[in-house]
Amino acid sequence: MVDEEAAKNVKEIFQLCIQGYGVTKIANIMTERHILNPSAYAEAHGRKSLTKRTYTSDYTWVGPTISLMLSRPEYLGHTVNFKTYHKSFKNKKTYYNDPDKWKIFENTHEAIIDQDTFDIVQRIRQGKRRMQPITEEPSIFSGMLYCGDCGHKMYLKRKRAKGPENDAFVCSQYRHSTGACTSHHIRDKIVKQIVLDDIRRVTAFARDHEDEFVQIVMKQSESDTDRDLRRQRKELEDAQNRMNRLDTIVSKLYEDNLDGKISDERFVRMSKGYDNEQKELEQRINELKAAIGKEEKQSVDIERFLALVRKYTDLQELTAEIVREFIEKIYVYQTQTINGHRVRRIKIVYNCIGAFTAPEQEKKV
């Protein structure tokens, strides 16, 4: 049975995450609001706490608690088994299983969080985001902008003296090393206007030309998926061939050492280098296999996007919730001068449908 009071807090935590707040900031907000933390709430309602109390106040929230709550499939109405295990009946210590070893039974009880909200939060939590100063509101694009040329994230650089109108995103790689990339400097207010205009154009086209919209997205998705799969399969083949080649090299190296053709010192040094390379290749091979499997199973959920289109019929301004619902990533490319005009390309990747340009929109931003 859903505990309505506790469910209200869970929903609030998910919404704060969607608005761009990190787990530490969310924990501070819950503490400031004087809301009982989960352990204290359970005890206050006659239930045993599932975690040990590590703090004295019943109203103290901490980041790890928020992080755990934001990742729980149970809020979707699912039952999750085999999260933990014991190595033997003699060893009472609890160990945590990797999520791929969990057994999930879906729709066993009433959900608190809907699937779309849960998915948005997981996308936000996938990558580490730069911490915002505790006194400042997060950008609605926090963790979503990427450099189109080097692929690194772009961080908001605040101009406190000049006011928020001049806050701008810059490439994190450039900030780390100016020779590694260019700044890709773009003001926050400019990104907001570009994104708002693009969402309006895409949603208007989807609303007015639904059949054509579906056909374009399906065709584009097949093309993008085929291209990614070809690239990933080629990389996987190369990695596997290199692994086989390394096995042969190491075997030959061992024989040369036994025959006295190379010294023990050199054998140890060379074999260590090959071992490290094999470990890196093995990790990359596993990553590629998982990515290929995901690509092969993935299908474009156009109907979910159309539901968003119907939900927002008159967009006047952006909020963090709207941005997270519509958009997965935004790529900002270096400014170029074409025919005497400065031109910057912005690529917006939408949730469910990927990057999309309507026929009448095929021009540079």
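Here are four short exercises, with worked solutions, on a predicted model of a protein chain.

**Exercise 1: the whole chain**

Work out how many helices and strands the protein chain has, and what share of its residues is buried.

*Solution.* Start with the secondary structure: you should find eleven helices and 13 strands. Next, go through the 365 residues and ask how many are covered up; 37% of them count as buried. Then turn to the outside, where the accessible surface comes to about 22900 Å², with 48% of that belonging to carbon and sulfur atoms. Finally, look at contacts between residues at least 6 apart in sequence: 61% of these join residues at least 24 apart.

**Exercise 2: two helices that cross**

Find out how the axes of helix 1 and helix 2 are placed relative to each other.

*Solution.* Two packed helices are described by the angle between their axes and the distance between the axes. So let's get both. Helix 1 covers residues 4–18 and helix 2 covers residues 23–32; their axes come within 10 Å and cross at roughly 140 degrees. Angles over 145 would count as roughly antiparallel, and 65 to 115 as roughly perpendicular. The crossing fits neither range, so helix 1 is oblique to helix 2. As for its hand, the crossing is right-handed. Who makes the contact? On the helix 1 side it's Asn-9, Ile-13, Leu-16 and Cys-17, and on the helix 2 side Ile-26, Ile-29 and Met-30.

**Exercise 3: a serine in a helix**

Decide whether Ser-172 is buried or exposed, and find what its side chain lies close to.

*Solution.* First, place the residue: Ser-172 sits in helix 6, which spans residues 172–176. Its relative accessibility is 16%, and buried means under 20%, so Ser-172 counts as buried. Now check the side chain: one of its polar atoms lies 2.7 Å from the backbone oxygen of Lys-153. Skipping neighbours within four places in sequence, Ser-172 touches His-152, Lys-153, Met-154 and Tyr-155.

**Exercise 4: positive phi in loops**

Compare Asn-339 and Cys-352: which loops hold them, and how accessible is each?

*Solution.* Most residues other than glycine have a negative phi. Asn-339 isn't a glycine, yet its phi is positive, at about 55 degrees. Cys-352 also has a positive phi, near 75 degrees. Now for the loops: Asn-339 lies between strand 10 (336–338) and strand 11 (341–343), while Cys-352 lies between strand 12 (346–350) and strand 13 (354–355). Last step, accessibility: Asn-339 has 74%, so it counts as exposed, whereas Cys-352 has 25% and so counts as partly exposed.

Definitions and conventions
Residues are numbered from 1 along each chain as its sequence is written. This is a predicted model: local features need pLDDT of at least 70, side-chain atom pairs count only at pLDDT 80 or more; totals for chains, interfaces and linings use all residues. Side-chain values use heavy atoms; hydrogens and water are left out. Helices (H or I, at least four residues) and strands (E, at least two) are DSSP runs, numbered from the N terminus. Buried means under 20% relative accessible area, exposed over 50%, partly exposed in between (1.4 Å probe, protein chains only). Contact means heavy atoms within 4.5 Å. Accessible areas come from the Shrake-Rupley method with a 1.4 Å probe; for residues, only the protein chains shown count as cover. A polar contact is a pair of N or O atoms within 3.5 Å; within protein, one must be able to donate a hydrogen and the other to accept it, and residues adjacent in sequence count only if both atoms are side-chain atoms. Axes are lines fitted to C-alpha atoms, for helices over the stretch in contact, and angles run from 0 to 180 degrees between N-to-C directions. Angles under 35 degrees count as roughly parallel, over 145 as roughly antiparallel, 65 to 115 as roughly perpendicular and the rest as oblique. A crossing is left-handed if the near helix is turned anticlockwise from the far one by less than a right angle, and right-handed if clockwise.
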